[in-house]
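Colleague: Could you walk me through this model before I go back to the bench? I'd like to take it one feature at a time.

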Amino acid sequence: MSGKKDDDIVDVPAARRDPEVPVTFDDALMRIGIGRGQYFSIATMCLLWMGEGMQMFIMFYLPKALYDEWGTPVDDVAWVDGAMFAGVFVGALVGGHCGDAYGRRPTLLAFTAVSVLTGILCWFTSSFMYLMCIRFLVGFGAGGFAPSSLSTTLEACPSPYRGRVAVAVPGFAGAAGRVLTAILAEALYDPEYNPEYSRMGWRGAM
């Protein structure tokens with residue numbers, strides 16, 4: 001027995017981080033946790049992916065309108081969808097490179113602007129070939145922002161949340177956009193006014 005009383009025992013302070021050991025970015029994120037900044041980023045990217053889902057599938061509801069507008073065979077409308085998916089492919093390749101070379105945020109803003117502006121230009125299309133070219137650019141913008149948007153969101157989230165965020169942003173948000181496309185097509189369709197068009201016309205639906 002040492003003869004020391006309980007009052008003489010001094011608490012040993014908790015171990016502190018060695019200042020010589022560098023803190024990694026993931027360690028800092030784990031200590032900070034997930035908060036309003038990450039939630040805002042996730043919500044913003046979900047809206048972008050919902051918009052992309054709507055842009056990708058809106059043409060499925062418009063073949064009869066294009067036939068009545070320009071006499072385009074219904075089967076040829078698939079070329080518009082093909083042109084957009086080709087744009088997505090090229091845009092994803094270019095967007096990934098630009099994100100590494102120029103930064104995620106500038107790349108995200110630039111390609112989102114391309115997708116939005118060319119989507120608006122669809123209103124002014126005067127021929128089927130013009131529409132197909134414009135839809136290629138819409139897909140180019142949508143494919144270009146996809147790598148940067150997902151990388152930007154995941155990089156700001158702690159590692160335990162990244163799997164769920166990776167599924168939620170392109171998966172659930174993209175699927176929600178496709179569902180909203182069907183709802184929009186049904187809501188704008190007015191069979192009493194015109195059996196072949198929507199209330200806003202096919203240009204307004206796009």
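**Aromatic residues, a helix contact and a salt bridge**

Modeller: Phenylalanine 40 counts as exposed, because its relative accessibility is 64% (exposed means over 50% relative accessible area, buried under 20% and partly exposed in between, with a 1.4 Å probe and protein chains only). This is a predicted model, in which local features need pLDDT of at least 70 and side-chain atom pairs count only at pLDDT 80 or more, while totals for chains, interfaces and linings use all residues. Residues are numbered from 1 along each chain as its sequence is written, and side-chain values use heavy atoms, with hydrogens and water left out.

Colleague: Where does phenylalanine 40 lie?

Modeller: Phenylalanine 40 lies in helix H2 (helices are DSSP runs of H or I with at least four residues, numbered from the N terminus). Its C-alpha atom is 9.7 Å from that of threonine 153, although the two residues are 113 apart along the chain.

Colleague: OK, and how many aromatic pairs are there?

Modeller: The structure holds 2 aromatic pairs (ring centres of Phe, Tyr or Trp, the latter by its six-membered ring, within 6.5 Å; planes under 30 degrees apart are stacked, over 60 edge-to-face, the rest tilted). Tryptophan 49 and phenylalanine 145 are edge-to-face, because their planes stand at 75°, with the ring centres 6.2 Å apart. Tryptophan 49 belongs to H2 (residues 36-57) and phenylalanine 145 to H6 (residues 128-155), so this pair ties together parts 96 residues apart in sequence.

Colleague: Are those two buried or exposed?

Modeller: Tryptophan 49 and phenylalanine 145 are both buried. The other pair, phenylalanine 111 with phenylalanine 140, is tilted, at 5.4 Å centre to centre and 50° between the planes. It links H5 (residues 104-121), which holds phenylalanine 111, to H6, which holds phenylalanine 140, across 29 residues. Phenylalanine 111 is buried at 8% relative accessibility, and phenylalanine 140 is buried at 19%.

Colleague: Switching topic, which residues of H2 meet H5?

Modeller: Met45, Leu48 and Gln55 of H2 meet Leu108, Thr112, Ser115 and Gly119 of H5, where contact means heavy atoms within 4.5 Å.

Colleague: And which salt bridge is there?

Modeller: Aspartate 100 forms a salt bridge with arginine 104, their closest N and O atoms being 3.1 Å apart (the criterion is a side-chain nitrogen of Lys or Arg within 4 Å of a carboxyl oxygen of Asp or Glu). Aspartate 100 is exposed, with a relative accessible area of 62%, whereas arginine 104 is partly exposed at 25%.

Methods. Helices (H or I, at least four residues) and strands (E, at least two) are DSSP runs, numbered from the N terminus.
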